[in-house]
Amino acid sequence: MFKFKTAFITFFPIIPDNMGSSTVINSRFKNWPNKKKLFQISHIKNVNNSNLKTIPIKRETPLNRIINLPKLIFEVFNFLKNSKNNLIVIEGASWIFYSFIVLFSFKLLLPNSKILYLSHSVESEIRKKYSNVLIFKLTKFLEKLVFKYANISTTVSKIEQKKIMKLYNSKTILYPNALTLDNKVKKQTLFMDYIIYSGSYLYKPNKNAIDTLNNKIMPKLLEKFPNLKLVLTGGGFNKKLPWVINKGIVKKKDLYNLIYYSKCMCVPLKFGSGTRIKIIEAMAVGAIVVSTIKGIEGIDLKSKNPPFVTDNIKEFNNTITTVIARNKTIKKKSDAQKNYYFEKYSMKKNTENFIRENIRF
């Protein structure tokens, strides 16, 4: 493989790895060839090593990120300025405004560098749902420019490819969310019957899903399974409910154990964009997944039932009841499928293919 130098840019903490986007980016960075460095804006202090440069901020706010963008640009410029065959990778799991500023700064500062924009979602969809009209319109305008002027831009699924073409008339390359994973799960750590949801409560689609679990799903399940618990991981949830076990942010190995030994991972998402890495992780370790159509959107399934997919809340509850009652039988089917997802969403394989087919200088 030919030589080139790569700067990865993110606008939120990647290290430590505590959410789906950071899992994807960490995995991609580890599997990326040649000389590389990751630049992150983060409130977590003293996180630096030879392959990582952190631009510190006191709090994770848009204003703090904007103020520190010049520092990030300066650090990336110093890393690349004396090299040829430079690649600048902008990870698009933050507000598009930051990506826009960085992209056009390097179009001026390092015009011979290639800029790769890796979208994690159709951001204008999220802003339309959860932000005011001004932010939505600005996001849509800037997102169009970023897709137009990046040398290479990607999407995580065929569904999002079609959306970007329809919205912005821009062709993108398919580069699915993937992971580096040891799918051999170790010993059980939580000895009780439980279902699990993994995702930060501070992210509104996750908040809505967790509220649905607590308000519409768990009360019905507890009528039949009074000792059942709901395990939450990802942080941000501060309510005290008798059936909730709030694990907060957990290490990856602990998370995989919790997912695998659950009765099922329940994902009643009503809105979202991109693909859910936690669902891919769950299926790659052999866990049972019960999801809405939106939750599992964009993932190439080997089969269904498992995973179980329905948007009807009554059917969703009935499916979980069946999964709990027939857990051992259904778990065997999930275990039999895990290698498909392990191979299909291998970051090493997907990254090697992507670079071989698309990176040219």
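**Two buried residues and a positive patch**

A polar contact of 3.0 Å joins the side chains of T6 and W32; such a contact is a pair of N or O atoms within 3.5 Å, where, within protein, one must be able to donate a hydrogen and the other to accept it, and residues adjacent in sequence count only if both atoms are side-chain atoms. The model here is a predicted one, so to keep things honest, local features need pLDDT of at least 70 and side-chain atom pairs pLDDT 80 or more, while totals for chains, interfaces and linings use all residues. Numbering runs from 1 along each chain as its sequence is written, and side-chain values use heavy atoms, with hydrogens and water left out.T6 itself sits in strand β1 (residues 5-10), a strand being a DSSP run of E with at least two residues, numbered from the N terminus. With 0% relative accessibility, T6 counts as buried, the word used for under 20% relative accessible area (exposed is over 50%, partly exposed in between; 1.4 Å probe, protein chains only).

F237 is buried too, at 4% relative accessible area. Its place is the loop between β9 (229-233) and β10 (244-248). F237 and Y201 are 36 residues apart in sequence, yet their C-alpha atoms are 5.4 Å apart in space.

On the surface, K128, K140, K144 and K148 gather in a patch of positive charge. Patch members have over 30% relative accessible area and no salt bridge, with like charges joined within 9 Å; a salt bridge would put a side-chain nitrogen of Lys or Arg within 4 Å of a carboxyl oxygen of Asp or Glu. Helix α5 (residues 133-149) supplies the largest share of the patch, three residues, a helix being a DSSP run of H or I with at least four residues. K144 lies in helix α5 and, at 43% relative accessibility, counts as partly exposed.

Notes
Patch = residues over 30% accessible without salt bridge, like charges linked within 9 Å, V, L, I, M, F, W, Y side chains within 5 Å. Areas by Shrake-Rupley, 256 points an atom, 1.4 Å probe, with all protein chains shown as cover. Lys, Arg positive; Asp, Glu negative; His and termini not counted. Charge placed at Lys NZ, Arg CZ, Asp CG, Glu CD.
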